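Subject: Structure for your review

Dear colleague,

Please find below the structure that I am handing over to you. My notes on what was found in it follow directly after.

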Amino acid sequence: METAKVYTQDGTVDLQGRPAVASKTGRWRACSFLVGYEACERMAFYGIASNLVNYLTTRLHEDTISSVRNVNNWSGVVWITPIAGAYIADTYIGRFWTFTVSSLIYVLGMILLTMAVTVKSLRPTCVNGVCNKASFLQKAFFYMSLYTIAIGAGGTKPNISTFGADQFDDYNIRERKQKDSFFNWWTFSSFLGALFATLGLVYIQENLGWGLGYGIPTIGLLVSLIVFYIGTPFYRHKVIKSDKSAKALVQVPIAAFKNRKLQCPNDLLELHELDSDYYKSTGNHRVHHTPIFRFLDKAAIKIIRSRESPCTVTEVEVAKRVLGLTLIWLVTLIPSTLGAQVNTLFVKQGTTLDRKLGSSFQIPAASLGSFVTLSILVSVPVYDQCFVPFMRKKTGNPRGITILQRLGIGFLIQIVAIAVASAVEVKRMHVIKEFHITNPKQVVPISIFWLLPQYCLLGIAGVFDAIGLLEFFYDQSPEEMQSLGTTFFTSGIGLGNFLNSFLMTMIDKITSKGGGKSWIGDNLNDSRLDYYYGFLMVISTVNMGLFLWAASKYVYKADETKEFSGGCVQMEVKPLDTSPLTI
């Protein structure tokens with residue numbers, strides 16, 4: 001019993017592989033060394049992403065569709081590469097070392113990008129704000145720098161947040177409560193970096209130079225990495241399990257298909273499962289049977305005289321868990337597409353409006369993205385300190401509401417935001433018609449602050465859906481695949497960006513066919529962004545219906561607790577809530 005009190009109960013270890021001492025490692029003390037990196041990384045990412053579309057159009061002379069597509073494609077790769085980084089972490093070298101290598105690649109990419117906009121031979125020459133066309137080599141070096149950053153992000157994004165969550169012991173009641181608030185405050189700290197990027201870096205880029213605008217976050221990343229390594233003695237590390245869980249994702253559906261003509265036994269105990277001593281000795285988690293996706297149970301049917309060993313119930317349940325997550329993941333792609341507008345069309349829309357503040361100061365269009373961040377920073381404490389306690393009293397749920405209910409609220413607010421964006425665009429087009437504006441560089445006499453509601457609504461939505469998705473995919477993933485589970489979150493954002501590129505390209509081709517006017521032309525004063533926003537609102541409403549259906553079918557992962565007795569681990573699993581329409 002003394003061992004259980006001294007060491008963490010979730011089996012975490014220190015960097016040398018020794019059991020982690022509960023009182024000296026982990027918790028918020030360890031996380032304090034991590035949040036600095038997250039804030040600086042967000043500052044770097046948003047410092048690039050929020051204003052990249054303007055750099056591509058003004059410095060590299062790309063047209064609107066190409067620049068928006070290239071921003072979406074780069075953002076998509078940044079959010080897709082974490083799949084590889086998470087797999088490497090969960091299967092081979094762990095989150096700490098995967099993050100360490102990847103963060104150095106990230107910093108290298110930032111250094112190269114700073115060189116691409118600073119060194120004369122690597123950037124287009126500009127006279128009086130008008131730049132010459134970039135050469136092939138200059139473009140190649142610029143995009144190589146961007147995609148080096150994307151490769152580095154592949155190992156940092158899925159591992160830094162999950163590594164932070166690993167610092168809390170799920171089997172310690174006090175630490176479990178702290179972990180329930182972790183993702184809220186983690187996102188709060190990350191958006192502090194984003195706020196500085198959209199308010200400060202964007203202004204610096206447009207008024208003091210792109211080199212300084214990219215150099216500041218590069219230095220910030222280097223400093224934050226030093227702080228991260230100072231905290232090494234306080235970190236807890238999850239032990240790397242075998243890659244059996246990942247293999248089961250392939251083996252289970254194949255085995256179930258082979259056994260499709262067989263009848264599942266009425267007695268679930270007849271399905272194949274390993275002895276509990278195996279799970280105790282290996283430290284792996286045994287997962288009990290659940291009544292969902294029953295067709296996969298056929299993979300665990302014992303077949304007499306068969307040379308192939310059947311899958312275990314645990315392996316089948318892991319596959320079921322990932323399949324359930326996949327269904328939820330699919331209905332998050334459209335919301336991610338709406339979020340992609342913040343750094344693309346919203347910015348281009350803002351460049352056409354009156355951006356003056358006072359007599360001389362002009363607001364960078366990309367700086368309005370700071371209101372997404374500000375909305376999140378204001379809303380997170382309100383959500384965590386007011387909304388959750390209030391709803392907890394009403395529902396009895398420690399989170400106040402279920403995670404899927406949280407996502408649904410966020411998705412609904414997003415639909416309202418895109419409807420507001422469409423209405424504002426209708427207003428802008430009415431003024432354009434009233435003043436007979438035709439020149440693409442002519443300013444529409446409407447204040448840029450008309451765009452504030454759509455930015456603020458997307459920020460409030462992010463408190464519900466963005467943070468909720470990160471928590472959902474970490475919390476609901478199989479124990480041995482939590483880094484890979486987090487990539488459901490990142491890859492959803494990535495594919496949302498790719499989907500936005502695809503939709504914009506198709507809409508442009510269809511609407512401009514036969515000499516017609518494109519909805520998203522180079523001259524936004526002669527385009528119909530309101531139609532495109534309306535289109536996004538329609539598909540988002542349809543997607544909301546699909547989300548409600550998927551949520552009604554979803555069964556939450558059972559709560560698991562470990563009890564240590566003589567070095568043995570026993571699993572206690574509470575019954576699953578399988579009531580329909582409970583999201």
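I begin with the empty space inside the protein. Helix α3 (residues 35-49) supplies seven residues to the lining of the largest cavity, the largest share of that lining. Please bear in mind throughout that this is a predicted model.

The volume of this largest cavity is about 910 Å³. Its lining consists of 48 residues, and those closest to the centre are Y46, W79, F191, A466 and I493. Sorted by class, the lining comprises 23 nonpolar, 20 polar and five charged residues. Over the whole structure, the search finds four cavities of 30 Å³ or more. As background, empty space of this kind is revealed by rolling a probe the size of a water molecule over the atoms.

I turn next to a pocket. The second largest pocket has a volume of about 1,100 Å³. Among its 33 lining residues, N54, T57, T58, K348 and T351 lie nearest the centre. Two or more lining residues come from each of the elements α4 (52-58), β2 (130-131), α8 (173-207), α14 (345-351) and β3 (353-354). The classes here are ten nonpolar, 13 polar and ten charged residues.

Strand β3, which contributes to that pocket lining, also pairs with strand β6 in the parallel sense, over two bridges. In one of the contacts between these strands, L353 has V444 of β6 as its bridge partner. Which residues of β6 (residues 444-447) have buried side chains? They are V444 and I446, which point to one face, whereas P445 and S447 point to the other face and are not buried. The side chains thus alternate along the strand.

One further residue may help you to find your way around the model. L122 is located in the loop between α6 (82-118) and β1 (126-127). Beyond its neighbours within four places in sequence, L122 is in contact with M115, A116, Q138 and F141. L122 and P445 are 323 residues apart along the chain, and 38 Å separates their C-alpha atoms.

Finally, a word on confidence. The protein chain has a mean pLDDT of 86, with 93% of its residues at 70 or more. Residues 560-583, however, have a pLDDT below 50, although this stretch makes 56 contacts in the model beyond near neighbours in sequence. Predicted coordinates should not be read in detail where pLDDT is low.

With kind regards

Definitions and conventions: Residues numbered from 1 in each chain as written. Predicted model: local features only at pLDDT ≥ 70, side-chain atom pairs only at ≥ 80, totals over all residues. Heavy atoms only, no water. 1 Å grid on protein atoms, 1.4 Å probe; cavity = no way out; pocket = protein on both sides within 12 Å on 5 of 7 lines; lining within 4 Å. Points joined across faces, edges and corners; volume = space filled by probe spheres on them. Helix = DSSP H or I, 4+ residues; strand = E, 2+ residues; numbered from the N terminus. Nonpolar A, V, L, I, M, F, W, Y, C, P; charged D, E, K, R; others polar. Contact = heavy atoms within 4.5 Å. Buried < 20%, exposed > 50% of the residue type's maximum accessible area, 1.4 Å probe, protein only. Pairing = 2+ DSSP bridges. pLDDT = per-residue confidence, 0-100.
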